[in-house]
Amino acid sequence: MSETVRRYFEAFNAGDVPAMLACLDPDVEHHVNEGRVRVGKIAFAEFCAHMSHCYEERLTDMVLFEAEGGTRAAAEYVVEGRYLATDQGLPEARGQTYRLPAGSFFSLKDGRITRVVTYYNLADWVRQVS
């Protein structure tokens, strides 16, 4: 399994954005569920700051997969979270908790993540926090 992807998720669960950024290629493409593609570490760091303000999340039940050759990887997990501050266009935050299955797909080159794609069911999340 790609140690880079493992370190990325360990950093996520520790709330360690600098360690997450260390796993990324400078020109990383971040494809977010229901959002635009963000390119580069700066855009990724800005996204992380926004998420940390609005949400407190931990990933559990993690299963990691790696393609032969180590250039692609995937993960399936459960997001256990708490909605801290109202995110634009979404229901009002009141500290609601949620549990949401999700998955991420990665491209890797030279030991760095060059692409992150994340999917979850937004309608399920909205139902849980409404």
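**View 1. R99 and E80 form a salt bridge between two strands.** At 44% relative accessibility, R99 counts as partly exposed (relative accessible area between the limits for buried, under 20%, and exposed, over 50%; 1.4 Å probe, protein chains only). The structure is a predicted model, in which local features need pLDDT of at least 70 and side-chain atom pairs count only at pLDDT 80 or more, while totals for chains, interfaces and linings use all residues. Residues are numbered from 1 along each chain as its sequence is written, and side-chain values use heavy atoms, with hydrogens and water left out. E80 is the partner of R99 in a salt bridge (a side-chain nitrogen of Lys or Arg within 4 Å of a carboxyl oxygen of Asp or Glu), and the closest N and O atoms are 2.3 Å apart. This pair links distant parts of the chain: E80 belongs to strand β4 (residues 72-83) and R99 to strand β5 (residues 97-109), 19 residues apart. Helices (H or I, at least four residues) and strands (E, at least two) are DSSP runs, numbered from the N terminus. E80 is also partly exposed, with a relative accessible area of 34%.

**View 2. D61, E80 and R99 belong to a network of salt bridges.** Salt bridges link these three residues. Over the whole structure, a search finds 5 salt bridges.

**View 3. A salt bridge joins R6 and E3 within helix α1.** The N to O distance between the two side chains is 3.5 Å. Both residues lie in helix α1 (residues 3-14), 3 residues apart, which is about one turn of the helix. R6 is partly exposed at 31% relative accessibility, and E3 is partly exposed with a relative accessible area of 46%.

**View 4. D124 and R127 meet in a salt bridge within helix α4.** Their side chains are 2.7 Å apart, N to O. Helix α4 covers residues 122-129, and the two partners are 3 residues apart in it, about one turn. D124 counts as buried, at 19% relative accessibility, whereas R127 is exposed, with a relative accessible area of 57%.

**View 5. I113 sits in the largest nonpolar core.** This core (a set of buried Ala, Val, Leu, Ile, Met, Phe, Trp, Tyr and Cys residues joined through side-chain atoms within 4.5 Å) has 30 residues. Those with the most contacts inside the core are Y8, F9, L24, F106 and I113. Leaving aside neighbours within four places in sequence, I113 is in contact (heavy atoms within 4.5 Å) with residues including T4, Y8, C23, L24, D25, V28 and F106. S107 and L108 are also in contact with I113.
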